[in-house]
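Biologist: Could you take me through one part of this model closely, and then show me how the rest is laid out around the same ideas? I am in my first year, so please go step by step.

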Amino acid sequence: MKKIVRQQNYLRELINSQENKIITKQTLRCSIRAVLEPLLDNPEAGVVLYRIINNSGLMGLLKRLEFSEIESYDFSDESENLREKVWADTEFICVMTHRFVSIIIWDNKTENKTYVRYYSIYNSKLQDEALDIINRNSIVDIKQFQEKFRPDRRDNILLNSSIRRLVENLDEAAKDAVLGFAEFQSKPAEYTGDVREISHEVKNQLSICDLYSEVIKKYCAKNEIEDETILKGIESISRAVKIAGNSLISLKSAQNKELKPCDLKEIINTVEDLTKVYFECKNIEYTVESKANLKIMADENALTAVIINLVKNAVEAFGTIEDELENGKYVKLKAEKRGEFAVVRVLNNAGKINEPEKVFEKGFTTKNGGSGLGLSICKRSIEEQLGQLKLEHSDEKYTEFTVKIGLV
């Protein structure tokens with residue numbers, strides 16, 4: 001009888017060789033989209049090799065790949081492309097074309113379920129190392145693709161390092177500047193000095209993100225790289241850094257809200273872009289409706305922060321509920337005109353809020369580890385903009401918060 005010798009998980013060892021780089025699963029999904037969407041948006045000769053066990057938040061992307069004309073091979077344990085099931089919690093995606101080769105390998109076996117350890121290579125002469133490992137455990141001949149798709153043998157160390165550093169710093173700065181912004185605002189006047197110090201440190205992190213986005217922008221211009229996904233990504237990063245920076249400037253100076261004419265539709269579009277991340281890995285339908293072109297009198301950054309907080313709360317209200325609701329889980333964001341006011345509505349079907357009369361009280365929270373500050377801060381912020389924030393409705397069928405703000 002022929003003796004079977006099991007292979008080792010060399011992909012995991014490859015990850016270990018890159019000093020256990022760690023990113024959030026949210027950032028990983030963004031990276032996967034960044035390497036795959038350019039090919040899906042502009043199909044050309046290429047091949048995609050992938051092993052994605054947890055496809056939450058990526059199902060739509062993978063369906064696009066499945067129904068496209070792009071050659072692709074799935075290496076999940078249920079596929080027929082594996083020699084042995086040795087990769088366990090290790091996953092990967094390899095996108096190979098005549099113009100670029102991108103390889104991301106990650107392992108889900110970490111102490112914190114929010115993070116993964118990863119290894120990444122872009123247009124590098126080291127790409128063969130990862131592809132050889134995949135080939136040894138593949139029924140499909142990967143060597144043919146290695147020979148066919150060799151866009152650039154240069155090892156773009158500066159670009160790779162800049163992109164990784166940008167993603168890592170942006171991930172950390174986003175937590176401090178966006179999620180922590182409400183808590184900074186809650187400080188009373190006597191703590192202004194401490195708030196200014198915190199703001200200064202966060203601003204330093206944002207400046208790093210801004211610096212690395214400029215590095216990547218200049219690299220793309222110098223090398224005539226016109227990848228639409230990269231350019232749009234840089235533009236989004238710059239916009240997010242600017243919004244957070246402006247908010248911190250206002251926070252440091254302890255100014256009142258600066259009311260001026262704003263386009264509500266543009267605010268809703270910004271909120272939609274910045275809140276999509278909350279729906280990653282969650283089976284929740286997100287609907288945004290803002291058909292009317294309404295001009296309002298508001299503080300644009302402050303109003304944006306409030307609506308983001310309401311959408312975030314609507315998502316978190318589902319908690320860890322895994323059961324499918326009769327009509328499916330949903331969050332809806334709507335903007336409409338009511339008389340002389342614009343009304344922003346945030347709805348979900350996560351169930352009834354207990355003790356609705358307390359939702360705007362400081363310290364009241366239904367979330368484990370919650371501060372109970374978010375809604376009270378939001379209410380104060382809207383009132384400072386001469387508007388109104390209300391819990392409009394809450395029962396077993398749906399919950400609705402509304403923001404009423406004056407029209408110009």
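Modeller: In this predicted model, five strands form an open sheet, and reading across the sheet their order is β8-β10-β11-β13-β12, with mixed pairing. At the edges lie β8 (285-289) and β12 (388-394), each of which pairs on one side only. From one strand to the next, the twist averages 15 degrees. Strands of a sheet pair through backbone hydrogen bonds, and they may do so either parallel or antiparallel. An antiparallel case to look for is β11 (residues 341-348) with β13 (residues 399-406), which are joined by eight bridges; to find the place on screen, start from Asn348, whose bridge partner in β13 is Thr399.

Helix α11 (residues 300-316) packs on this sheet, where α11 touches β8, β10 (330-338), β11, β12 and β13. The direction of α11 makes about 25 degrees with that of β11. A second helix, α12 (residues 374-384), lies across β12 and β13 and runs at about 130 degrees to β12.

These two helices also pack against each other, for α11 and α12 meet at an angle of about 150 degrees, with their axes 10 Å apart, and their crossing is left-handed. On the α11 side the contact is made by Ala302, Leu303, Val306, Asn309, Leu310 and Asn313, and on the α12 side by Gly374, Leu375, Cys378, Ser381 and Ile382. It helps here to recall that an α-helix has 3.6 residues a turn, so residues three or four places apart point the same way.

A short strand shows the corresponding rule for strands, which is that in a regular strand the side chains alternate between the two faces of the sheet. Along β9 (residues 295-298), Ile296 and Ala298 point to one face and are buried, whereas Lys295 and Met297 point to the other face and are not buried. The pairing partner to examine is β7 (residues 260-263), which runs antiparallel to β9 and is joined to β9 over four bridges. Lys295 appears again in this pairing, as the bridge partner of Asp263.

The other sheet to examine is built from six strands, which form an open sheet in the order β1-β6-β5-β4-β2-β3, again with mixed pairing. Its edge strands are β1 (21-24) and β3 (71-74), each pairing on one side only, and the twist averages 20 degrees from one strand to the next. Within this sheet, β2 (residues 46-51) and β3 run parallel and are joined by four bridges; in one of these places, Val47 of β2 has Glu71 as its bridge partner in β3. Helix α4 packs on the sheet, touching β2, β4, β5 and β6, and its direction makes about 60 degrees with that of β5.

Helix α1 (residues 10-17) has three buried residues, Leu11, Leu14 and Ile15. These residues cover an arc of only 100 degrees around the axis, which puts them on the same side of α1. They pack against β4 (90-97), β5 (101-107), β6 (115-122) and α4 (127-136).

The meeting of α1 with α4 can be described in more detail: Tyr10, Leu11 and Leu14 of α1 meet Glu129, Ala130, Ile133, Ile134 and Arg136 of α4. The two helices pack at an angle of about 160 degrees, with their axes 10 Å apart, and because angles over 145 degrees count as roughly antiparallel, α1 and α4 are roughly antiparallel to each other. Their crossing is left-handed.

Helix α3 (residues 59-66) also has buried residues, namely Leu61, Leu62 and Leu65. They cover an arc of only 95 degrees around the axis, which places them on the same side of α3. On the other side of α3, Met59, Gly60 and Glu66 are exposed. The cover over the buried residues of α3 includes α2 (25-41), β2 and β3.

Finally, for the protein as a whole, there are twelve helices and 13 strands, and buried residues make up 44% of its 408 residues. Among contacts between residues at least 6 apart in sequence, 73% join residues at least 24 apart.

Methods: Residues numbered from 1 in each chain as written. Predicted model: local features only at pLDDT ≥ 70, side-chain atom pairs only at ≥ 80, totals over all residues. Heavy atoms only, no water. Buried < 20%, exposed > 50% of the residue type's maximum accessible area, 1.4 Å probe, protein only. Arc of directions from axis to C-beta. Contact = heavy atoms within 4.5 Å. Pairing = 2+ DSSP bridges. Axes fitted to C-alpha atoms, helices over the stretch in contact; angles between N-to-C directions. Parallel < 35°, antiparallel > 145°, perpendicular 65-115°, else oblique. Left-handed = near helix turned anticlockwise from the far one by under 90°.
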